[in-house]
Every structure is written in C-alpha cells, then in structure tokens.
Amino acid sequence: MNIRPVPFDHPDAVKLNDEVQAEYHERYGDGGDATVLQPSDFQHPRGVYLIAYDEFDRPVATGGWRSQDHDGKGHEDGDAELKRMFVIREVRGRGLARRMLSALEDDARAAGRTRMVLETGTEQPEAIALYTSSGYEPCVKFGYYREYENSRCYAKPLGS
C-alpha cells in the first residue's frame, strides 16, 4: 500500500468521499455526514488528507485530520480531529485502516498536535473496535453530532 497526501478536493478523494457518504447513508439513513469540511481544513501544517493506493494505483483507503483548538464544545487546544477514515469494501480486513490511522497519528504528532480525537457512531462497530484497540478512549462529545444519541467520541494522547 502506498499512502500519499492529496488535496481534499482531488478527484480520488472526491470519489472515496462519495463512497463513504453512501455507506453512512446506508447505515444511518440520513443522507451521509453533514459535517462541513473544506479543502483548506486539510492543508499543511493544520491538517493532512491521505489516500492509500494499491499495487494497481487504485485508491482504496482514505483519512485525514484537521486542527482543532478549544472551542467550548468539546475540543481542546492541540486537538487533531480525524475525518473520513474509510476503506473500500473489496479490501477490508487487511489492516489498511490500522495503517492509515497510524500514518495520520504520526503526521499529526509531527505537526505538534497533542491529541487525536474522532466522532463515530453506533452503526459502525468495526470502527469503534479499531479505535478502542488502538488506544482510543471515550471523551467529551464534540462536533456536529455531539447531541445525537448514537454518536460516540474518542480521544488518544499523541505523546512524542
């Protein structure tokens, strides 16, 4: 797997984002994630957007982080918020999500971020399993879905 940074509005990123939004709709029946994201959210040094390509240069996994600081709504200074973690169905179960997560954590740590945070939902048990097995623990809810019952938020100190 070749992981490389791309702009959030890169054609491969748009394609994978459309796929993840369709899956969110399938799982939650709500049209997908309504969180507003801008390409500038993922520009260095305040974020990054990564795509994993297979041996045929096909985009198969994605994820990004964007800087967040104390906002009175659950974020703290130094947060890196994980967004759009996704692996296409055909290649799931091969450890790609764990590799993408590690790459994103390393990048956020190198950028001086001190904590990785994420929001997921109860209809994504495999995501919850990935995050909790990777050292993430429940935290104060934040973001667009913080008041939703099926929303779950997790955090992990990045350390040095």
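This report walks through the sheet, a helix, the main pocket and a few single residues of a predicted model.

## The annotated span

Let's start with the record. UniProt, in an unreviewed entry, lists residues 1-159 under "domain: N-acetyltransferase". In the model, that span is 26% helix and 29% strand. Its end C-alpha atoms lie 26 Å apart.

## The sheet

If you trace the strands, you will find an open sheet of seven, in the order β1-β2-β3-β4-β5-β7-β6. The pairing in this sheet is mixed. The edge strands are β1 (residues 2-5) and β6 (residues 137-138), each of which pairs on one side only. As general background, strands of a sheet pair through backbone hydrogen bonds, in either a parallel or an antiparallel sense.

Strand β3 (residues 59-68) is a good place to look at this pairing. It is mostly covered, with 10 of its 10 residues buried. To one partner, strand β2 (residues 47-53), β3 is joined by seven bridges, and the two run antiparallel. Here L50 stands opposite G63 of β3. To another partner, strand β4 (residues 79-87), β3 also pairs in the antiparallel sense, over seven bridges. Along this pairing, T62 stands opposite F86 of β4, and W65 stands opposite L82 of β4.

## The β2-β3 hairpin

Strands β2 and β3 form a hairpin with five residues between them. One residue to pick out in this loop is D57. Its phi is near 65°, a positive value in a residue other than glycine. Is D57 buried or exposed, or does it fall in between? With a relative accessibility of 46%, D57 counts as partly exposed, because that class runs between the 20% limit for buried and the 50% limit for exposed.

## Helix α2

Helix α2 takes in residues 96-110, 15 residues in total. From its first C-alpha to its last it reaches 21 Å, close to the 21 Å expected at 1.5 Å a residue.

Which residues of α2 are buried? They are L96, M100, L101, L104, E105 and A108. These residues cover an arc of only 170° around the axis, so they sit on the same side of α2. The general pattern behind this is that an α-helix has 3.6 residues a turn, so residues three or four places apart point the same way. After α2 comes G112, which has a positive phi near 90°.

## The largest pocket

The largest pocket holds about 810 Å³ of space. Its lining is made up of 36 residues, and those nearest its centre are Y24, M85, T120, Q124 and A127. Two or more lining residues come from each of α1 (residues 11-28), β4, α2, β5 (residues 115-121) and α3 (residues 125-133). Strand β4 gives the most, with six residues.

## R84 and N17

Strand β4 also contains R84. The phi of R84 is near 55°, again a positive value in a residue other than glycine. At 5% relative accessibility, R84 counts as buried.

R84 can be viewed together with N17, which is found in helix α1. N17 is buried too, with a relative accessible area of 16%, which is under the 20% cut-off. Although N17 and R84 are 67 residues apart along the chain, their C-alpha atoms are separated by 7.2 Å.

## Two loop residues

The loop between β1 and α1 holds F8. At 12% relative accessibility, F8 counts as buried. F8 and K73 are 65 residues apart along the chain, and 25 Å separates their C-alpha atoms.

The other loop residue to visit is P45, in the loop between α1 and β2. The peptide bond leading from H44 to P45 is cis, with omega near 5°.

Key. Residues numbered from 1 in each chain as written. Predicted model: local features only at pLDDT ≥ 70, side-chain atom pairs only at ≥ 80, totals over all residues. Heavy atoms only, no water. Helix = DSSP H or I, 4+ residues; strand = E, 2+ residues; numbered from the N terminus. Expected span 1.5 Å × (residues − 1). Buried < 20%, exposed > 50% of the residue type's maximum accessible area, 1.4 Å probe, protein only. Arc of directions from axis to C-beta. Pairing = 2+ DSSP bridges. UniProt positions renumbered as here; feature names shortened; annotations may be inferred. 1 Å grid on protein atoms, 1.4 Å probe; cavity = no way out; pocket = protein on both sides within 12 Å on 5 of 7 lines; lining within 4 Å. Points joined across faces, edges and corners; volume = space filled by probe spheres on them.
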